[in-house]
Amino acid sequence: MSDPVLPLGSASFDGLVEVREIGPQGMITLRGDLSAPEVIAAVTDLAGLEMPGLRGANTAGDTGLLWMSPDELLLLVPYRQAPAAVDRLTAALDGQHVLIVNVSDMRALFQLRGTQLRDVLAKLAPVDFAPEALPAGELRRTRFAQVAAGVWLLDDTTARVFCFRSVAGYMFSLLSTVADPDSQVGFHVK
Amino acid sequence: MLTFECPCCGAHADETELHAGGEAHIKRFGPGASDDDFEGYLFTRENPKGVHFERWRHVNGCGKWFHAARCTMTMEVFGTYPAQTFQPPKDLLDKITEKRPGWSWRDLS
């Protein structure tokens, strides 16, 4: 198997928050009826995590279950295990009306870490980043400036952001700009 | 700023996160329809000052279509409801009547 290539080769920037491209992350998209017991059993068995509810993001390390839309779930698995996980899910859901595709190389993934996290993110998206509005463990799909993005908080100082691979360079520039040390806002964190 | 609550994912989505889909509840008439019916389906649109029903798509979010009722004058949003319906829900119509007595829109009032 050839070596995976990250869109930006692990680019990183240190400012108000530490921005770092992480990965490679195995990603499997599953479309189907997320309330079907067979689907829930198959994905929770594979990931070893609870089925996420509306906009939920249940993650542990590099495995996770992200609620993307009413009929779409994104499974995070270790990169090397993605093809086997697809085979396992496909076998487990044989006969069900579902679509399972390995999309590991489709997206870029960034990790943001720092106390200014919510202020930094709030500069980019039309989203309320207050702790009550977006608690840790909730996925918010939105736009960051001009591109579609998804973001979820692992805890109060760590977030993960994903976007399409084709706009990874744009996203990294954006995140670096809003994390500029001279651009502190001090709204969510004084 | 126009903010809708997406009925599919529950997110409070700003207008810039959505895509406008034009007027809601437009009916296409079946085979054998008259030219007038087809013209109405294609071109005749409401342009109200006040209560309006529209389709929107949460394009940068969950990707789903939904319906919304709002006031074109004040930008007040009365509510949103799922796309899989031919009529706005009764409780939404009651809510609009409470706020805008005597309103009408096409054959709704």
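## Where two chains meet, and the spaces around them

The contact between chain A and chain B draws on 15 residues from chain A and 14 residues from chain B. Keep in mind that this is a predicted model. Putting the two chains together buries about 990 Å², with 47% of that on carbon and sulfur atoms. Beyond the interface, there are pockets and cavities to look at, and a search of the whole structure turns up 2 cavities of 30 Å³ or more.

**The interface**

- The rule picks out 2 salt bridges across the interface of chain A and chain B.
- In one salt bridge, the side chain of B:E17 meets that of A:R140, at 2.7 Å from N to O.
- Polar contacts between chain A and chain B come to 9 residue pairs, counting those where both residues are at pLDDT 80 or more.
- On the side of chain A that touches chain B, β5 (63–69) and β9 of chain A each put in at least two residues.
- β9(A) has the largest share of that side of chain A, with 4 residues.
- By class, the side of chain A that touches chain B splits into 7 nonpolar, 2 polar and 6 charged residues.

**The second largest cavity**

- This cavity holds about 60 Å³ of space.
- Which residues of chain B help line the second largest cavity? They are B:C9, B:A11, B:H58, B:G61 and B:C62.
- From chain A, the lining takes in A:R55, A:W67, A:M68, A:L139, A:R140 and A:R141.
- A:R140 is thus worth a second look: this residue lines the second largest cavity and also pairs with B:E17 in a salt bridge.
- β5 and β9 of chain A are the elements that give two or more residues to this lining, and β9(A) provides the largest share, 3 residues.
- That lining divides into 6 nonpolar, 2 polar and 3 charged residues.

**The largest cavity**

- The volume here is about 100 Å³.
- The largest cavity is lined by 16 residues, and A:L6, A:P24, A:Q25, A:S104 and A:R107 are the closest to its centre.
- β3 and β8 (107–113) of chain A each give two or more residues to the lining.
- The largest share of that lining comes from β8(A), with 3 residues.
- Sorted by class, the lining of the largest cavity has 10 nonpolar, 3 polar and 3 charged residues.

**The largest pocket**

- About how much space does the largest pocket hold, and what is its volume in Å³? The answer is about 460 Å³.
- Its lining has 23 residues, with B:H25, B:I26, B:K27, B:F86 and B:R106 the closest to the centre.
- Two elements of chain B, α1 (35–42) and β5 (65–71), each supply at least two of the lining residues.
- The lining of the largest pocket breaks down as 10 nonpolar, 6 polar and 7 charged residues.

**The second largest pocket**

- This pocket has about 270 Å³ of space.
- There are 18 lining residues, and A:M68, A:R107, A:R141, A:A148 and A:F164 sit nearest the centre.
- β3 (25–31), β9 (139–144), β10 (147–155) and β11 (158–164) of chain A are the elements that give two or more residues to the lining of the second largest pocket.
- The classes here are 9 nonpolar, 5 polar and 4 charged.
- Some names turn up again: A:M68 and A:R141 line the second largest cavity too, while A:R107 is among the residues closest to the centre of the largest cavity.

**Salt bridges and contacts within chain A**

- Over all chains, the salt-bridge count comes to 14.
- One of them joins the side chains of A:R31 and A:E72, at 3.3 Å from N to O.
- That pair ties together distant parts of the chain, 41 residues apart: A:R31 belongs to strand β3 of chain A and A:E72 to strand β6 (residues 72–78).
- A:T63 is found in strand β5 of chain A, the strand that also contributes to the side touching chain B.
- Setting aside neighbours within four places in sequence, A:T63 makes contact with A:A47, A:L49, A:N58, A:L76, A:V77 and A:P78.
- For A:T63 and A:P78, the C-alpha atoms lie 6.5 Å apart in space, with their positions 15 residues apart in sequence as a separation.

Note on methods
Residues numbered from 1 in each chain as written. Chains lettered and ligands numbered in written order. Predicted model: local features only at pLDDT ≥ 70, side-chain atom pairs only at ≥ 80, totals over all residues. Heavy atoms only, no water. 1 Å grid on protein atoms, 1.4 Å probe; cavity = no way out; pocket = protein on both sides within 12 Å on 5 of 7 lines; lining within 4 Å. Points joined across faces, edges and corners; volume = space filled by probe spheres on them. Nonpolar A, V, L, I, M, F, W, Y, C, P; charged D, E, K, R; others polar. Contact = heavy atoms within 4.5 Å. Buried area = accessible area lost by both parts, 1.4 Å probe. Salt bridge = Lys/Arg side-chain N within 4 Å of Asp/Glu carboxyl O. Polar contact = N/O pair within 3.5 Å; in protein donor to acceptor, adjacent residues only side chain to side chain.
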